[in-house]
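Here are a few exercises to work through with the model open beside you. Try each task before you read its solution.

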Amino acid sequence: MLIKNVHVNNQAALTDVLITDGKFAQIGPDLTAPAGEEVIDGQGKLLLPPFVDSHVHLDSTLTAGEPEWNETGTLFDGIRIWSERKQDLTKEDVKRRAKQTILNMVGHGIQFVRSHVDVTDPHLIATQALLELREELKDVVELQLVAFPQEGILSFPHGKELMEQAVKEGVDVVGGIPHFEFSTEYGWQSVHFLMALADKYDRLVDVHCDEIDDPASRNLEVLATEALEREMGSRVTASHTTAMGSYNDAYTYKLFRLLKMSGINFVANPLVNVHLGGRFDTYPKRRGVTRIKELTAAGINVSFGEDDVKDPWNPLGDGNMLDAVTMGVYIAHLMGYGQLQDSYKFVTTNAARTLHVTDHYGIEVGKPGNCILLNEKDFYNALNRHVEVLYNIRGGKVLAKTTPAETTVFAD
Ligand code: FE2
């Protein structure tokens, strides 16, 4: 496949991109296609590596309103409602809903997904369903699964055994939820446990860490210390860390030294964080979001996830990462022109780093020919107009194609 006339990675210059045998073969001006090769006229539009959703929950997707709507909008009511809904889970139910959401994501240019899957279920039904789907859809999407103990590791019956069982069955990443454990001590113990588990089975780590508007929730320092001492930093991710939005600046200053030394990654979920955060405040009302701007300025890797797509924690969601970026730049005060132009990185290159897939991600000669063509010349305009992904290309083949809607205004 030859893609003509595109701005690669938001660069000003126009170039051509040739993909042969499923890999990027040449990137440069005035390339010619070998005989019979498919040619796409890029028309001066933006070519990026595929979007990555670095944090979503596919087991609960499309269950909003079942058995009831989350009318308070708190994290805790979401957990309670999901706890009821998951009594009715079957493999077919999970696979049908997750597949529908994944295919919708693919239509929006996503090719890499990290999904948490709730393992506080004695039968691990959702885990087995998503492991099967990971295999069945491997030509469409690279799906990473996180063993996520929604109701705790030490605070749920046989929590440790369920975590280890999920890892043995094949999940890629070890998760946690220390702020939800019964006590601070259980929270710390859960972090020590999950890091040892990941180390033992050579897995990545992604912890729901301090997702609460409580400045006393400080499991992040425990996770970062473990990552530093085990030399696992680049393989470890702290998701949410919304308590950091409530920490005092003196503590945060000290904390940042450790975060930088540890080299861990961060995932913010701007849509769901701003929706669930601040729910116990009257006024002033906190944003409930981690320090995206300051982490980024410190050279720490931050990516964005959609977190929830129509489930007990988020009644909305359409699998479109532009939604997460739009919300993220607004609530993080990243609205400078350069910051807006660069904000695609939160859902592309930064997110690939979080997923630890940079060895086969990016528009570079020799890497798999995966890319997306957005219907604008640069990311500032793409974000502003919330444009379509015209082509989602995987291994040099069109995986999804979108025809833009056309509006005609009848006015002088
Ligand atoms: Fe989450």
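**Exercise 1. Find the loop that holds His 158, and decide whether this residue is buried or exposed.**

Solution. Start with the location: in this predicted model, His 158 sits in the loop between β7 and α4 (159-169). Next, look at the backbone: phi of His 158 is positive, about 60 degrees, although the residue is not a glycine. As a reminder, most residues other than glycine have a negative phi. Last, check the accessibility: His 158 counts as exposed because its relative accessibility is 58%, and the cut-off for exposed is over 50%.

**Exercise 2. Work out which residues coordinate the iron ion, and how their donor atoms are arranged.**

Solution. First, list the ligands: His 55, His 57 and His 208 each give NE2, and Asp 307 gives OD, at 2.2 to 2.4 Å. Along the chain, these donors follow the spacing H-x1-H-x150-H-x98-D. Distant parts of the chain are linked here, as His 55 in strand β5 (residues 51-57) and Asp 307 in the loop between β12 (302-304) and α10 (321-331) are 252 residues apart. Now take the angles, which run from 84 to 175 degrees among the 4 donor atoms. A tetrahedral site would need all angles between 85 and 135 degrees; the site of the iron ion is irregular.

**Exercise 3. Describe the backbone and the burial of Asp 307.**

Solution. Asp 307 has a positive phi, near 70 degrees, and is not a glycine. With a relative accessible area of 2%, Asp 307 is buried. His 55 is buried too.

**Exercise 4. Trace the open sheet and name its edge strands.**

Solution. Read the order of the 8 strands: β5-β6-β7-β8-β9-β10-β11-β12, with parallel pairing. The edges are β5 and β12, each of which pairs on one side only. Then zoom in on one pair: β7 (residues 142-148) and β8 (residues 173-174) run parallel and are joined by 2 bridges. Within this pair, Ala 147 stands opposite Val 174. Finally, add helix α5 (residues 184-201), which packs on the sheet and touches β8, β9 (204-209) and β10 (236-240). The direction of α5 makes about 165 degrees with that of β9.

**Exercise 5. Locate the cis peptide bonds before Pro 67 and Pro 284.**

Solution. Glu 66 to Pro 67 is cis, with omega near -10 degrees, and Pro 67 belongs to the loop between β5 and α1 (75-85). Tyr 283 to Pro 284 is cis as well, with omega near 0 degrees; Pro 284 is in the loop between α8 and α9 (292-297).

Conventions
Residues numbered from 1 in each chain as written. Predicted model: local features only at pLDDT ≥ 70, side-chain atom pairs only at ≥ 80, totals over all residues. Heavy atoms only, no water. Donors = N, O, S within 2.8 Å, 3.2 Å for Na, K, Ca; no water. Tetrahedral: all angles 85-135°; square planar, octahedral: opposite > 155°, others 65-115°. Helix = DSSP H or I, 4+ residues; strand = E, 2+ residues; numbered from the N terminus. Buried < 20%, exposed > 50% of the residue type's maximum accessible area, 1.4 Å probe, protein only. Pairing = 2+ DSSP bridges. Contact = heavy atoms within 4.5 Å. Axes fitted to C-alpha atoms, helices over the stretch in contact; angles between N-to-C directions.
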